[in-house]
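Trainee: I've got a model open on the screen and I'd like to talk it through. Can we go over how the pieces fit together?

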Amino acid sequence: MIKLNLETARKEFYRYIKLQIVGLTYKKAEKIDLMNQKFIHTMHVLQDGTEVVRQLHLDESFEKLAQIALLDHDIGRFAQVRMTGNFNDHELSLWADHGELGGDILANGLIKKQIPDTRIFDRLIINVVRRHVSARANSLDLNAILYSGLLECCDAYLIYGMETEKAKTMVENFMTQVI
């Protein structure tokens, strides 16, 4: 059995964010404030998403992979703020949105640091992060669709203020439709 360590993933996530802050000069305080907002959002998505997954009584490997995807879902936002100073996806000239940017960040080495012992989950997590904004399900395999649906439900209920029980119902409904 392959061990997935959320603490290793979290440590590398923190290291990446610190690299986005180092060397900021132009509008430094505003950019750091936006990054702090996104960090807090990410920690809530991780915490509440983990609770939803646990309530669904899914296996441990699904839970760990979901936690890493939940942690990384907005990783592109930190680079986006560094580059543009805002969360407007339309200003990302080389990427369709922050999910695509996040997928590239993971593919360019971050995922290997977060999960150092195996490469078998890389594509899954990268695709989930890459597609979580627009949910282009036709370009994903079944596992990626499940994780993307979970991530979107958890992200949406935080953004729109839904309760954990409602998010759990959303995930269950989504999984029932897919499976």
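Mentor: Sure, we'll take helix packing, then buried residues, then salt bridges, and keep in mind that this is a predicted model.

Trainee: How are helix 2 and helix 3 oriented relative to each other?

Mentor: Helix 2 covers residues 28–55 and helix 3 covers residues 60–72, and their axes sit 9 Å apart. The packing angle is about 160 degrees. Angles over 145 degrees count as roughly antiparallel, so helix 2 and helix 3 are roughly antiparallel.

Trainee: And what's the make-up of the contact of helix 2 with helix 3?

Mentor: On the helix 2 side you'll find, among others, Met43, Val45, Leu46 and Val53. They face a helix 3 set including Phe62, Ala66, Leu70 and Leu71. Sort the residues of that contact and you get 8 nonpolar, 4 polar and 2 charged.

Trainee: Which word describes helix 3 relative to helix 5?

Mentor: Here the angle is about 135 degrees, and the axes are 13 Å apart. That angle makes helix 3 oblique to helix 5.

Trainee: Which residues of helix 5 does helix 3 meet there?

Mentor: The crossing of these two helices is right-handed, and its contact residues divide into 4 nonpolar, 1 polar and 1 charged. Helix 3 brings Ile68, Leu71 and Asp72, and what they meet in helix 5 is Leu106, Ile111 and Gln114.

Trainee: Is Gln20 buried or exposed?

Mentor: Gln20 belongs to helix 1, residues 6–21. Leaving out residues up to four places away in sequence, it touches Met35, Phe78, Ala79 and Arg82. Its relative accessibility is 10%, so Gln20 counts as buried.

Trainee: How many residues of helix 6 are buried?

Mentor: Helix 6 runs over residues 122–131 and is mostly covered. The buried ones include Leu124, Ile125, Ile126, Val128 and Val129, but also Asp122, Arg130 and Arg131. The tally is 9 of its 10 residues.

Trainee: On to charges. How far apart are the closest N and O atoms of Glu7 and Arg10?

Mentor: Glu7 and Arg10 are 3 residues apart in helix 1, so about one helical turn separates them. Arg10 is buried, with a relative accessible area of 18%. The two form a salt bridge, and their closest N and O atoms are apart by 3.6 Å.

Trainee: In the salt bridge of Arg15 with Glu12, which residue counts as buried?

Mentor: Both lie in helix 1, 3 residues apart, and their closest N and O atoms are 2.9 Å apart. Arg15 is partly exposed at 44% relative accessible area. At 8% relative accessibility, the one that counts as buried is Glu12.

Trainee: How many residues apart in sequence are the parts that Arg130 and Asp104 tie together?

Mentor: Arg130 forms a salt bridge with Asp104, with closest N and O atoms 2.7 Å apart. Arg130 lies in helix 6 and Asp104 in helix 5, so the pair ties together parts whose separation in sequence is 26 residues.

Trainee: Which residues are linked in a network of salt bridges?

Mentor: Start from that same pair: Arg130 is buried at 13% relative accessible area, and Asp104 counts as partly exposed at 25%. Both are part of the network, which links Glu100, Asp104, Arg130 and Arg131.

Trainee: And how many salt bridges does the count come to?

Mentor: The ones we covered include Glu7 with Arg10 and Arg15 with Glu12. The count comes to 9.

Methods: Residues numbered from 1 in each chain as written. Predicted model: local features only at pLDDT ≥ 70, side-chain atom pairs only at ≥ 80, totals over all residues. Heavy atoms only, no water. Axes fitted to C-alpha atoms, helices over the stretch in contact; angles between N-to-C directions. Helix = DSSP H or I, 4+ residues; strand = E, 2+ residues; numbered from the N terminus. Parallel < 35°, antiparallel > 145°, perpendicular 65-115°, else oblique. Contact = heavy atoms within 4.5 Å. Nonpolar A, V, L, I, M, F, W, Y, C, P; charged D, E, K, R; others polar. Buried < 20%, exposed > 50% of the residue type's maximum accessible area, 1.4 Å probe, protein only. Salt bridge = Lys/Arg side-chain N within 4 Å of Asp/Glu carboxyl O. Left-handed = near helix turned anticlockwise from the far one by under 90°.
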